[in-house]
Amino acid sequence: MCGIIACRTASPAAPFLVRGLRLLEYRGYDSIGVAVLTSGGSTAVIRSVNRVDDLANMVDGWSGQPLGGIGIGHTRWATHGAVTMANAHPHLDCTGRVAVVHNGIIENADELRHELSAGGHEFASAVDSEVISHLLENELETGKDLNKAMQAIVLKLAGTWAMVAMDSRDGRVVGTAHGSPLLLGHSAHGVFFASDVSAIGDWVDQFQALDDGDIVELAAEPVWIRSGAAPQPPRLWSADRSTRQGGLDGHPDYMHAEIDEQPEVAARILDELANGIPTGSLWRNLDGPAFERIAVIGCGTSLNAAAVVAQAFGRLGGLSHRSLVASEAVSAVIEPGTLVLVFSQSGETADIMRAVDHVQTFGASMLAVTNNPHSSLARRSDSVVTCQAGPEIGVAATKTFTAQVITGVCVALSALVAQGRLDRSRARELADDLRHLPDMLAQALVVSKDVIPSLVGDLVSASGFLFLGRGPGVTFAEEGALKLKELTYRWAEAYPAGELKHGPLALVESGTPVIVVDNDDRRLRGNVAEVEARGGRVIRIGSSGSTIPALGRSIDLPLAGGMDQWGPLESVIPMQVLARELALALGRDVDKPRNLAKSVTVD
Ligand code: F6R
C-alpha cells in the first residue's frame, strides 16, 4: 500500500529515499517516485511505474543539477486513477515550487479540483492527491510559508491523509497526518518522515508519532504544532531490532522463509508467555480488566486468527464470544462487560482503525494483538500484546497468523485463570500442550515439503478448490482457502463440512479438489464419503494415514486435549505450502500477489 519517506540529511538525500522506498516495497505498490531539491534550488522529480530498481537506476543516471540533502519519496498503490507515470507521486503545483506525497483518500477531491480548475489551476494527473499541491500553491502565493500554508489547507480537506510537502523556494519540508500514520525519525544522518517505521528503522534510532491534526516541520529542531500551539514533546520510541527487515538468507522468496520460520517464532512466543499462563500473571501484567464476554475484531488472515482465539475463550471459559469483520464493525453494539481484542499484524489497517473509533464510543476495554508495538493500533489500545513474529515481508500472512494464534491463546488461558474461570492445574496441562507446538509445526513442515510437491501436478489445472473442517478445524480451513486464493488467483471456498449438503456439494464433480482439515472429528468421515461418491479429489490433512499426515497426533506426544480447544494450528503449514507450490507452478509472484498490499491503509 502507499508509503511515504522524506528527509533532511547532511549527505545526499536520494540514497536514503531509495533505500527507504526499497524497505517499503513489501507493502505492495504500482508506481514509485522521489522529488529532491537540487543545488540550483529547483526540484528534480524522478518517477517510475516499474520497481524500485528502475527508480534507483534513474536516480544514479541523473544528469541535471546535483541532488541535495532534502527530498520526499512515495510508493503508490492505485486507488484513484490508473497506474501511469502522471499519476505517480510526488505531485507538483502549477509553478513547480511545491511537491507533495500523500497516503489516504481526499474525499472531497472532485469538488476541490473543480474549484481549483475554475481558478486557473492546471492538473497533470487524475489522482485526488494533486489537489493538495494546488491548494498549497494558492496559500503560498498569499505570502504564507509552507507551515502556515499547510495549516490553512488541512481545514479544506475531507478524508484521510498522511502527507508531506516540500517547498523548493526555502527548502522547508512539512508533514501532517489525519487518519493515516506518519512518523518523525531522528538519526545521526538527519531527520526523516516515514509512514512506517520499517522504512527508516535501519538507520533511525528514535522516532515520534504524529497525532491526528499535528503539523510538523522537518528540521534539526523540528517545529511541532498541535491545535495551533507547540505541544509537550511527544513520546520518543526506540526503533528496535524487531522493526528491521532480514534478508532472504538462502530462501528463494520471503514466503518460503516465513513459512519455515514458524517453529522458531512459536518457540520464541512460548518462551516469553507460557510461564504466565498457570499463574494468570500474563493477564495481570497486561492490566487486563474483568470481563464477561469477548468480541474480536480483524480483517482477512488476522480475522481468522482472532476467530480461533475467540473460540478458545468460549470453549475453555464458557464465555459468549463473537468475531467482527473490522470493515463492518461500525454497526456492532458492544455490550457492557465486553473485552474487545483487536488483531492486526501491521496495526495500521484503516478498517481496523475505523472499528477502533467505533468501539471506543462504547467505552469498551481494548487489547491489541499486533506484530507492531509502535503502530497506531498499539498507541490507541488500553493494552498491547506483541506477537513477536519479526518483520513479515511476503504480502500473504503466514508466520504472523501462527504468532497471533499462539499469542492470543496464551492471553486467553492466562485471563481465564486470573478470572477464576480455569483451574490452574488444567491451565498448566494446556500450557504444556502449547509447548509442544514448535515440534508439531516443525514436523508439519517436514511432512508438507515431502508430500505436497507430488500433489501439485494433479491440482494445478483445477479451477476451484473447496476447504472443509469441523469444530475447531473450520477456521483453519478458512485460512487455507484464503491463502490459496490470494496466492494462486483460483477460487477457493471454505465451509463447515456439515454445510456441504446444503449447497456447496453441487460444485463437486470428477476431480474437484477438496481439502479436509481432519482433526479426527468422526462426523468428517460421512462428509468425505459424500465428496468421494461424486468423484471429488479428497486431500486429507490429518493424522498418519492421511494424504498429508501433518497433524500433531501423528507424532507420539503426550497431549492433554488442548488442540481440541484451540484447533489444529499445525494444519495451516501444509495449506501455506500447498498455496505457495501451486502459485509457483502457475507462475505467480508469491511475495507480491496481484492487487494486494501488506498494510491496507485505505478503507
Ligand atoms: C492475507 C493477509 C490479509 C491481512 C489483512 C489484515 O494473507 O495478509 O488478509 O491479514 O489485510 O492485515 P493486518 O493484520 O495488518 O491488519
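Student: What is the bridge partner of V516 in β23?

Tutor: In this predicted model, V516 is bridged to R540 of β23.

Student: What makes β22 and β23 a pair of strands?

Tutor: Pairing requires at least two bridges found by DSSP. Strand β22 (residues 513–517) is joined to β23 by 5 bridges, so the two count as paired, and they run parallel.

Student: Why is β23 called an edge strand?

Tutor: The open sheet has 4 strands in the order β21-β20-β22-β23, with parallel pairing. Both β21 (491–496) and β23 (537–541) pair on one side only, and they are the edge strands. On average, neighbouring strands of this sheet are turned by 20 degrees against each other, direction ignored.

Student: Which helix packs on the sheet, and which strands does that helix touch?

Tutor: Helix α16 (residues 474–488) packs there, touching β20 (464–469), β21 and β22. The direction of α16 makes about 175 degrees with that of β21.

Student: Why is M58 called partly exposed?

Tutor: Partly exposed covers the range between under 20% (buried) and over 50% (exposed). M58 has 31% relative accessibility, and therefore counts as partly exposed. This residue is placed in helix α2 (residues 52–60).

Student: How do you know that M58 is accessible enough for a nonpolar surface patch?

Tutor: Patch residues need over 30% relative accessible area. The 31% of M58 therefore meets that cut-off. Together with V49, V83 and M85, M58 makes a nonpolar surface patch of about 290 Å².

Student: Is P391 buried, partly exposed or exposed, and where does P391 lie?

Tutor: P391 has 25% relative accessibility, which is not under 20%, so P391 counts as partly exposed. P391 lies in the loop between β19 (383–386) and α12 (399–418).

Note on methods: Residues are numbered from 1 along each chain as its sequence is written. This is a predicted model: local features need pLDDT of at least 70, side-chain atom pairs count only at pLDDT 80 or more; totals for chains, interfaces and linings use all residues. Side-chain values use heavy atoms; hydrogens and water are left out. Patches are made of residues with over 30% relative accessible area and no salt bridge: like charges are joined within 9 Å, nonpolar side chains (Val, Leu, Ile, Met, Phe, Trp, Tyr) within 5 Å. Accessible areas come from the Shrake-Rupley method with a 1.4 Å probe; for residues, only the protein chains shown count as cover. A salt bridge is a side-chain nitrogen of Lys or Arg within 4 Å of a carboxyl oxygen of Asp or Glu. Buried means under 20% relative accessible area, exposed over 50%, partly exposed in between (1.4 Å probe, protein chains only). Axes are lines fitted to C-alpha atoms, for helices over the stretch in contact, and angles run from 0 to 180 degrees between N-to-C directions. Contact means heavy atoms within 4.5 Å.
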